[in-house]
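Student: Please examine closely the aromatic rings of this model, with attention to how they pair and how accessible they are.

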Amino acid sequence: MSRHLLDGAVASAWNFAIDRGGTFTDVIAWNGEGRFRTEKLLSENPGQYADAAIEGIERIIKAERGTVGEVRMGTTVATNALLERKGARVALAITRGFGDALRIGYQARPEIFARHIVLPQQPYEAVVEITERVGADGEVVTPLDEDRARSDLKRVRESGIDALAIVLMHGWKFTAHERRIAEIARDLGFAQISVSHEVAPLIKLVGRGDTTLVDAYLSPILRRYVERVAGGLPGGAKLQFMQSNGGLTDASAFRGKDAILSGPAGGVVGMVASSNEERLIGFDMGGTSTDVSHYAGRYELADESTVAGVRIRAPMMQIHTVAAGGGSICRFDGMRFRVGPQSAGAKPGPACYRGGGPLTVTDCNLFLGRIVPEEFPAVFGPHGNEPLDPTASEKRLREVADQVEQALDRRMDLAEIAEGFLRIAVDNMANAIKQISIARGHDVTRYTLQCFGGAGGQHACLVADALGIERVMIHPLAGVLSAYGMGLADMVELR
């Protein structure tokens, strides 16, 4: 346990660092006496508790008979909402004539030879073109038509849309029109109003607009989760959240645009804080996805990122995510094996979680003996106290064997099937690391692969072999290292 975490801690008060992932929620707790505890819970378990973070805190406080001091959290709530397009219903208010500017974007073509261009789904549901125009020198070219703006926004509000992103030409510098539209929107009862000169005061309309839109789309979802967590804490407890750039912010200031990499950023901080190595490849494999990162003496921050097809101009840790986690679904499509991108999540979870789930990477590892049920948290079953079920994993593998035999007239050994799925998963993860290292000119063989996350230790050596890495580091707190990083987030210099 780091001395830094214990500095200033009160003996009777317990401080918490929590990483709420898509499958598991990790909790680290410490007090001023040097006492230290961890908890790992399923992120979703409706029959047992309403919220995993609050449940983890309550279990430790009850066992230790202490009080809650400070709580630091990282969460994938915003990330998952963006990936699954389950954010708030949002409208875009933009200068007349620019209604499709964000859809057009920079006219980039990720697949340059594709004849059929498929644009990502935009988060906004409606566009309100505002009659106004301010020139680059601040001169009003077209006065703001307040009556028409009010009428159009009222119609949008009456349709049930509750969030609004306001992005006007040159509004980053000349803010009067944006501020007036925001006042009208507040009068009409919009609950979430994101104004571009406050969210992302950038000169380019597209980057400023995209970021403001994401903020309006995700902030209501995030706010509801923050309020739920804050409501479950005793009065006086300080609640902070990890931002995508690796820094902490007060719960009241936590915004959608800064929450995309809230959880993974904690892993990067924890990776560096727990190692003395100068060159590190972070390999954070959880239940839903794998996050990989590069460190060579300094934290790498990106000013612009694209997540789930949406451009965001906000400082973020440079992290690459691939849909290959312990809960990634393994299936036979009639011709070949496939792993992911779909995940079994926490509910129903992998087959061995006793929830009737599908075959996953975790099931393959369990069948091959790479997971010891006795060493795995016993948090499964109807009462949340049963261990993993190896027979369920074997049953799902037999189902795949039957499908292969029926389609290809060949009976495969169950171990051969499990190994095949794992090879695919390892290739996916190794390719993700190549993108942040070899593709950028770094000699990955000179690096240490630091693995963490609940599933990292089971695959680290296989991934290292695939990349030619000779040194692998597994920290004693590898399973909860992202939470550990959140406990140290205000003690590092983000360069």
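Tutor: Phe-380 has a relative accessibility of 1% in this predicted model, and because burial is assigned under 20%, Phe-380 counts as buried. The ring of Phe-380 pairs with that of Phe-376, the two centres being 6.2 Å apart. Their planes meet at 25°, and since an angle under 30 degrees is classed as stacked, the pair is a stacked one. Phe-376 is likewise assigned to the buried class, at 17% relative accessibility.

These two residues belong to a wider arrangement: ring pairs join Phe-376 and Phe-380 with Phe-24 and Tyr-353 in a cluster. Phe-24 also has a charged neighbour, for the charged end of Lys-40 is placed over its ring at 5.3 Å from the centre. A charge is likewise found over the ring of Phe-190, where the charged end of Arg-157 lies 6.0 Å from the ring centre.

The total number of aromatic pairs is 8. One of them joins Phe-332 and Phe-337, whose ring centres are separated by 5.9 Å. The planes of Phe-332 and Phe-337 stand at 80°, so this pair is edge-to-face, the class used for angles over 60 degrees. Phe-332 is buried, its relative accessible area being 11%. Phe-337 is buried too, with a value of 17%.

How values were computed
Residues are numbered from 1 along each chain as its sequence is written. This is a predicted model: local features need pLDDT of at least 70, side-chain atom pairs count only at pLDDT 80 or more; totals for chains, interfaces and linings use all residues. Side-chain values use heavy atoms; hydrogens and water are left out. Rings of Phe, Tyr and Trp (its six-membered ring) pair if their centres lie within 6.5 Å; planes under 30 degrees apart count as stacked, over 60 as edge-to-face and the rest as tilted. Buried means under 20% relative accessible area, exposed over 50%, partly exposed in between (1.4 Å probe, protein chains only). A charge sits over a ring if NZ of Lys or CZ of Arg is within 6 Å of the ring centre and within 35 degrees of the ring normal.
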